[in-house]
Amino acid sequence: MNQQNITLISFGHFRKDILESISENVRTEFLLPVFIKEGHLDLSDFYDSFRRQYNGNTILKVIDTRFSSDIQKTIGLFSVDLFIPILTFIFGQAMLNGRSGIASLYRLSNERYGLPANEAILLERFRKEVIHELGHTFGLVHCHITSCVMRSSTYVEDIDQKGISLCLKCRNEIGLG
């Protein structure tokens, strides 16, 4: 791992304790300093009125060009409904072996699925998604080990079933083993 740090950029209203909790999990997982910043984007530029969602591909490109650098991994944190043209929705996305990714809380809350609100579950899902997308930036592809955070997640239930950490195989692949 040759990156010097990880930066989490909040694009929206995230409570400080949530950002600090995620930052601590990321620091523990990747053994790198983690910084939290606030970012500003006019999200209307990314809104698809036909789909009533925000284009993850174009948001990711802007995060990469305007907010990233070669000495850090950057994850943009959002609370809007993201999509890419080939999928109905996404929880997040990252550039494989790149420097940028995005993650959104939007589809991670229980209320979205008719269940009672549960902030602990929401935070756990968001932590997993951020760590998962960061894994992609370090070159990790989807893992088939059930408990690995790098396992693919098509549905929120998939996120719930996997662990919050990289498996030993994935840790070894990026030099953390």
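Q: How far is the sulfur of cysteine 167 from the closest cysteine sulfur, and in which residue is that one?
A: The closest cysteine sulfur belongs to cysteine 148 and lies 3.7 Å from that of cysteine 167, too far for a bond. A disulfide is counted when two cysteine sulfur atoms are within 2.5 Å. This is a predicted model, in which local features need pLDDT of at least 70, side-chain atom pairs count only at pLDDT 80 or more, and totals for chains, interfaces and linings use all residues. Residues are numbered from 1 along each chain as its sequence is written, and side-chain values use heavy atoms, with hydrogens and water left out.

Q: And what about cysteine 170?
A: Its closest cysteine sulfur is that of cysteine 167, at 3.7 Å, which is again too far for a bond.

Q: How many disulfides are there in the whole structure?
A: A search of the whole structure finds zero.

Q: Are cysteine 167 and cysteine 170 buried or exposed?
A: Cysteine 167 is buried, at 9% relative accessible area, and cysteine 170 is buried as well, at 1%. Buried means under 20% relative accessible area, exposed means over 50%, and partly exposed lies in between (1.4 Å probe, protein chains only).

Q: Changing topic: where is asparagine 55?
A: Asparagine 55 sits in strand E4, which covers residues 53-55. Helices (H or I, at least four residues) and strands (E, at least two) are DSSP runs, numbered from the N terminus.

Q: Is that asparagine buried or exposed?
A: Asparagine 55 counts as buried, since its relative accessibility is 16%.

Q: Which residues does asparagine 55 touch?
A: Leaving aside residues up to four places away in sequence, asparagine 55 touches Phe46 and Phe83. A contact requires heavy atoms within 4.5 Å.

Q: How many helices and strands does the protein chain have?
A: The protein chain has five helices and nine strands. From the N terminus on, the order is β-α-β-β-β-α-β-β-β-β-β-α-α-α.

Q: What is the radius of gyration of the protein chain?
A: The protein chain has 15 Å, which agrees with the value near 16 Å for a compact globule with 177 residues. The radius is taken over C-alpha atoms, and the globule rule is 2.2 Å times the number of residues to the power 0.38. Along its principal axes, the C-alpha trace spans about 45 × 35 × 35 Å.

Q: What share of the residues is buried?
A: Buried residues make up 53% of the 177 residues in the protein chain.

Q: And what share of the contacts joins residues 24 or more positions apart?
A: Such pairs account for 68% of the contacts in the protein chain with a separation of 6 or more.
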